[in-house]
Amino acid sequence: MKNKKILSFIYTIDEKINLEEITRINFFQKYLEDNSLDNLVQIIIYINNYKITKAFNKKITILENEKNLKKTDFLYENLEKIDSKYFKLIKAKDKIIFNWLKNLIYELTNTNVDLIQHSFYKKYKSGEQKYNNKKLNLLTHNTIFKTKKAIKNKKYLLTDIKHFEFQYIGMAFGIDSSWKNINIPYLIYNNILEKIKKGKINQKQKEEYWNDLVILLNFYNKYSNNIDKTFKPNFIKYALNKNFFNTRRQYFKQIKKEIKIKKLKTKIWIFYMIFFKFKWLTF
């Protein structure tokens with residue numbers, strides 16, 4: 001029978017995972033068992049290195065990513081295998097605050113919205129943790145997805161997103177969706193941003209980033225009427241980088257050239273994002 005469990009935590013694992021992260025996931029599974037939550041909460045790992053699977057608790061569900069697929073591609077092929085009402089995409093470096101889990105499960109048991117955004121703590125390189133209760137658009141580190149809705153909307157998932165795949169997953173599953181915001185900070189988000197080092201970005205990387213940005217902007221432009229307005233994407237800031245363009249005007253011209261924008265509101269929004277909202281990134 002499908003949807004016996006309430007929530008699945010889905011980890012995306014590659015060969016870069018370290019012993020501390022493996023231990024954290026195994027301890028999470030043990031906690032679920034010791035507190036009789038394993039009948040409600042499931043841990044799923046999709047992994048591209050068979051040898052690493054032996055390091056995990058045998059009760060954890062392992063989905064082997066033999067084709068080394070991107071997250072969007074792998075989700076497309078495996079959504080129907082998620083045996084829970086809701087699922088959460090999570091990284092091994094992030095940490096679950098166990099004391100909040102029962103509150104979270106109770107909330108998910110008694111709601112039926114498609115998307116749930118939750119508060120969380122953000123951890124910085126200095127070790128400092130800050131509480132965050134802001135709506136952060138459709139980003140996976142603060143969003144829980146209803147499985148049935150995701151399966152229904154998986155036709156919107158594209159297969160060629162690489163650098164912005166987390167943002168795109170949220171947007172694709174958020175079309176014509178109901179949502180709510182909950183104040184249950186059960187997650188410590190490890191905010192160690194993977195930055196492109198200045199001077200090390202090559203032409204191929206530039207083209208990849210730009211192509212992904214164009215895909216997302218075109219997607220937003222096409223479906224903006226069906227995506228809740230509180231979820232306006234902020235992915236544009238990731239490409240507002242002096243490694244890509246020398247001036248904001250050059251950036252804006254390139255977007256106008258490659259993105260088919262008919263709605264005046266969308267044009268104004270993009271203009272605002274480029275010239276007023278975000279600062280240049282210099283990494």
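**Note on the predicted model: helix α6, the two sheets and the salt bridges**

1. The buried residues of α6 are Glu 165, Phe 166, Gln 167, Tyr 168, Ile 169, Gly 170, Met 171, Ala 172 and Phe 173. That makes nine of nine, and the helix is mostly covered. The structure discussed here is a predicted model, and the remarks below should be read as remarks on that model.

2. What do the buried residues of α6 pack against? Their partners are the helices α3, α5 (147-153) and α7 (203-223), together with the strands β4 (84-90), β6 (115-118) and β9 (143-146). On the sheet side, α6 touches β4, β6 and β9, and the direction of the helix makes about 45° with that of β9.

3. The sheet in question is open and has seven strands, in the order β3-β2-β1-β4-β9-β6-β10, with mixed pairing. Its edges are β3 (61-64) and β10; each has a single partner strand, so one side of each is left without a neighbour in the sheet. Averaged over neighbouring strands and with direction ignored, the turn of one strand against the next is 25°.

4. Within this sheet, β4 and β9 are antiparallel partners, joined over two bridges. Tyr 86 stands opposite Lys 146, a residue of β9. Another helix, α1, lies across β1 (5-13) and β2 (41-47) and runs at about 155° to β2.

5. A second open sheet has four strands, ordered β5-β11-β7-β8, again with mixed pairing. Its edge strands, β5 (95-96) and β8 (129-132), each pair on one side only.

6. The mixed pairing of the four-strand sheet can be followed through β7. Strand β7 (residues 120-123) runs parallel to strand β11 (residues 187-190), with three bridges between them; Lys 123 has Asn 190 of β11 as its bridge partner. With β8, in contrast, β7 pairs in the antiparallel sense over four bridges, and there Lys 122 stands opposite Lys 130. β7 and β8 form a hairpin with five residues between them. In the turn, Gly 127 has a positive phi of about 95°.

7. How many salt bridges does a search of the whole structure find? The search finds six. Three of them are taken up in the next points: Lys 71 with Glu 165, Lys 180 with Glu 107, and Lys 30 with Asp 34. As background, side chains of opposite charge can pair when their charged atoms come close.

8. Lys 71 and Glu 165 form a salt bridge in which the closest N and O atoms are 3.2 Å apart. Lys 71 belongs to helix α3 (residues 71-78) and Glu 165 to helix α6 (residues 165-173), so the pair ties together parts that are 94 residues apart in sequence. Are these two residues buried or exposed? Lys 71 is buried, at 18% relative accessible area, and Glu 165 is also buried, at 11% relative accessibility. The cut-off for buried is under 20%. Glu 165 is thus one of the buried residues of α6 listed in point 1, and α3 is among the elements that those residues pack against.

9. The side chains of Lys 180 and Glu 107 meet in a salt bridge at 2.8 Å, N to O. Lys 180 is in strand β10 (residues 179-182) and Glu 107 in helix α4 (residues 101-109), so parts that are 73 residues apart in sequence are tied together by the pair. Lys 180 is partly exposed at 26% relative accessibility, as is Glu 107 at 22%. β10, which holds Lys 180, is an edge strand of the seven-strand sheet.

10. The salt bridge between Lys 30 and Asp 34 has an N to O distance of 2.9 Å. Both residues lie in helix α1 (residues 19-34), and because they are four residues apart, about one helical turn separates them. Lys 30 is partly exposed, with a relative accessibility of 41%.

11. At the surface, Phe 271, Tyr 272 and Phe 276 make a nonpolar patch of about 330 Å². Phe 276 is part of helix α9 (residues 264-277). With a relative accessible area of 60%, Phe 276 counts as exposed, whereas the residues of α6 in point 1 are buried.

Technical notes. Residues are numbered from 1 along each chain as its sequence is written. This is a predicted model: local features need pLDDT of at least 70, side-chain atom pairs count only at pLDDT 80 or more; totals for chains, interfaces and linings use all residues. Side-chain values use heavy atoms; hydrogens and water are left out. Two strands pair if DSSP finds at least two bridges between them. A salt bridge is a side-chain nitrogen of Lys or Arg within 4 Å of a carboxyl oxygen of Asp or Glu. Buried means under 20% relative accessible area, exposed over 50%, partly exposed in between (1.4 Å probe, protein chains only). Contact means heavy atoms within 4.5 Å. Axes are lines fitted to C-alpha atoms, for helices over the stretch in contact, and angles run from 0 to 180 degrees between N-to-C directions. Patches are made of residues with over 30% relative accessible area and no salt bridge: like charges are joined within 9 Å, nonpolar side chains (Val, Leu, Ile, Met, Phe, Trp, Tyr) within 5 Å. Accessible areas come from the Shrake-Rupley method with a 1.4 Å probe; for residues, only the protein chains shown count as cover.
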